[in-house]
Amino acid sequence: MSMQSPNSKSEKIQSALMAVLSGFWYEFKQNRGALYGLIFVTILAFVAIFADLVAPFSPIEQYRDFLKLPPIWVEGGNWDFILGTDALGRDQLSRIIHGSRYSFYIGFIVIFFCLTIGIFLGLVAAFNKGYVDTFIMRLMDIILAFPSLLMALALVAILGPSLENAMIAIAVVYIPHFVRLTRAQALSELGKDYVSSSKTMGASSARLMFINVLPNCMAPLIVQATMSFSSAILDAAALGFLGMGAQPPTPEWGTMLADSRQYITSDPWLMGIPGLFILVTVLSINLIGDGLRDALDPKMKSNK
Amino acid sequence: MLRFILQRLAVLIPTFFGITLAAFIFIHLIPGDPIEVMAGERGVSPEKHAELMHAFGLDQPLWKQYLDYIWQLLHGDLGKSFVTKQPVIEEFFKLFPATVELALSALIFAIIIGIPAGIIAAVKRGSVFDHSLMTLSLTGFSMPLFWWALLLIVFFSGNLGWTPVSGRISVLYYFDSVTGFMLIDSWLSGQPGAFKSAASHLILPTIALGTIPLATFARQTRSAMLETMGEDFIKTARAKGLSPFRVTVVHAFRNALIPIITVIGLSVGVLLGGAILTETIFSWPGIGKWMVDSIFRRDYAVVQGGLILIATMVIAVNLTVDVLYGLIDPRIRKKGH
């Protein structure tokens with residue numbers, strides 16, 4: 001073993017990390033769609049964080065003199081309310097801005113549960129072939145047998161309609177995908193030499209699982225997490241639309257859409273705008289997912 | 001081959017019982033008991049309550065209730081709806097054809113557009129068509145289904161007035177159900193205009209429900225085709241002087257089928273899930289709308305039975321896909337299980 005001062009060792013690790021990151025960034029920006037997606041999501045994240053400063057009005061304040069005002073590009077628009085107002089006279093732009101917070105909130109919470117529980121169960125299944133593995137995987141099969149939106153609806157019906165319960169329900173429905181993916185990745189890693197040598201050196205199974213094997217399973221999990229982030233936003237909006245998600249007056253985009261349903265022919269922009277924001281946000285995150293896949297896993301490259 | 005099918009079936013039996021157990025536990029997790037839910041605001045006297053609990057077998061220990069439920073289930077009895085008092089299984093099969101009709105037409109719509117589009121994109125890789133198709137399909141994949149359905153209604157029914165907004169057929173027509181498929185029944189009825197009315201009611205829900213599968217099929221077909229088209233046997237086929245059409249369709253497409261069939265099989269769950277939103281928005285009287293209505297009406301017997309029937313259908317479809325794999329690719333069924 002060479003005698004290195006701890007300082008130069010950490011410097012080496014740092015420069016290696018920088019090399020990996022810059023290689024990753026180089027690959028990622030090859031995909032122009034992914035770059036556009038990242039730009040949009042970054043702006044939206046900024047808006048979400050500083051919603052109180054960016055939004056011109058409060059999202060729940062009702063301006064009774066300005067009901068169902070159209071956006072400025074439609075005749076009769078008013079520059080005070082750029083995207084118009086809803087049926088209760090609330091400023092659409094402010095509601096959209098505050099609504100972006102909920103989208104990120106939903107995405108992050110769902111992904112957090114999926115990653116922690118999914119990875120844990122997947123690794124346990126991979127490391128304990130036999131009854132434990134069979135039990136976990138059959139359990140996941142059972143969850144997967146129910147169409148996800150139906151399962152989420154039924155769960156929310158039990159737990160009671162609210163945004164938090166909708167997120168729990170969505171996480172439960174997505175976890176099996178993470179368990180399956182982690183297990184498959186871990187199984188393919190388990191046969192490799194570095195795992196057997198670590199075992200020979202007396203590594204505990206917790207160390208083997210989380211320190212040795214897990215980092216090598218992360219690439220596809222990150223891609224899956226990105227894609228689930230966008231699906232979670234869609235499903236939460238669908239639950240909100242059915243009245244089983246966020247409750248009024250929460251400015252969640254799906255709930256806003258549901259509120260505007262009765263005006264679809266008279267004032268179509270009321271439902272047009274929140275829907276468009278859901279679409280563009282989900283599309284951007286999916287584009288980022290595509291880019292991540294290309295950059296993280298050259299084998300899975302979408303044949304560009 | 002039979003052995004292969006039986007093996008697959010054996011794995012499904014515990015899953016099936018797991019599904020029934022999950023649906024059963026679901027209903028018992030709901031706070032309050034079903035009798036109170038049924039009685040609603042009016043409330044119910046303690047004597048009546050005890051009587052009803054006994055009548056529904058709810059005073060039995062849980063494990064006994066579950067075993068009784070399974071026993072009835074295996075005899076084709078899923079209990080009665082709390083609201084309509086009709087057997088759940090009868091209601092299911094009355095509404096099921098409407099969902100199948102919608103799901104099948106959405107699936108056909110997605111296949112006949114998605115797969116050829118994916119093949120063309122793969123053959124003309126890097127072309128404008130390829131790029132626009134991939135952008136469009138990612139957009140379709142990211143589309144909030146309920147919003148898309150509403151946009152279709154606003155545009156085609158509202159602005160253009162081409163199609164009706166809801167239901168399966170105009171109220172002007174009445175005939176007895178023969179097959180349960182409105183398109184076929186209206187054709188058989190021979191009433192002028194009935195078929196046209198049924199078809200025009202079907203168009204928008206089909207497009208709404210079929211869009212996401214269409215996007216998935218196009219992407220999957222393209223990437224599967226690109227993968228096989230790089231293989232040696234394609235070069236050989238080209239070198240033999242076969243026509244490009246034959247090389248693409250017969251040689252490459254056939255070998256790209258496995259991943260394509262996988263996504264088609266997986267889309268059945270997506271279609272059933274999507275049917276919940278599509279049927280609710282278009283007032284399409286199928287099982288998706290039935291489930292949503294029952295969840296809102298707290299008709300737990302229906303929710304429980306419906307969950308079991310739908311999940312069973314999903315695993316049956318998955319089994320069919322597995323068997324199809326075996327048929328297409330002998331390596332899979334011979335891989336000594």
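**Chain B and its contact with chain A**

Me: How many helices and strands does chain B have?
Reply: In this predicted model, chain B has 14 helices and zero strands. Along the sequence the pattern is α-α-α-α-α-α-α-α-α-α-α-α-α-α.

Me: What does the C-alpha trace of chain B span along its principal axes?
Reply: About 85 × 60 × 40 Å.

Me: And what share of its residues count as buried?
Reply: Of the 337 residues in chain B, 38% are buried.

Me: What about contacts in chain B between residues at least 6 apart in sequence: what percentage join residues at least 24 apart?
Reply: That figure is 72%.

Me: Switching to the interface. How many residues of each chain are in contact?
Reply: 38 residues of chain B contact 33 residues of chain A.

Me: Which helices of chain B each supply at least two residues to that side?
Reply: They are α1 (2–29), α6 (128–141), α7 (145–159), α9 (194–229), α11 (244–282), α12 (287–297) and α13 (300–328) of chain B.

Me: What classes of residue are on the side of chain B that touches chain A?
Reply: There are 29 nonpolar and nine polar residues, and no charged ones.

Me: Now chain A. What span should helix α11 of chain A have?
Reply: Helix α11 of chain A covers residues 269–296, which is 28 residues; at 1.5 Å a residue it should span 40 Å. Its end C-alpha atoms are 40 Å apart, so the two agree.

Me: Why call α11(A) largely enclosed by the rest of the structure?
Reply: Because 23 of the 28 residues of α11(A) are buried. Buried here takes 20 or more other C-beta atoms within 10 Å of the residue's own.

Definitions and conventions
Residues are numbered from 1 along each chain as its sequence is written. Chains are lettered from A and ligands numbered from 1 in the order in which they are written. This is a predicted model: local features need pLDDT of at least 70, side-chain atom pairs count only at pLDDT 80 or more; totals for chains, interfaces and linings use all residues. Two residues are in contact if their C-beta atoms, placed from the backbone, lie within 7 Å. Helices (H or I, at least four residues) and strands (E, at least two) are DSSP runs, numbered from the N terminus. Ala, Val, Leu, Ile, Met, Phe, Trp, Tyr, Cys and Pro count as nonpolar, Asp, Glu, Lys and Arg as charged, and the others, Gly among them, as polar. A residue is buried if 20 or more other C-beta atoms lie within 10 Å of its own, exposed if 12 or fewer, and partly exposed in between; C-beta atoms are placed from the backbone. The expected span of a helix is 1.5 Å times one less than its number of residues.
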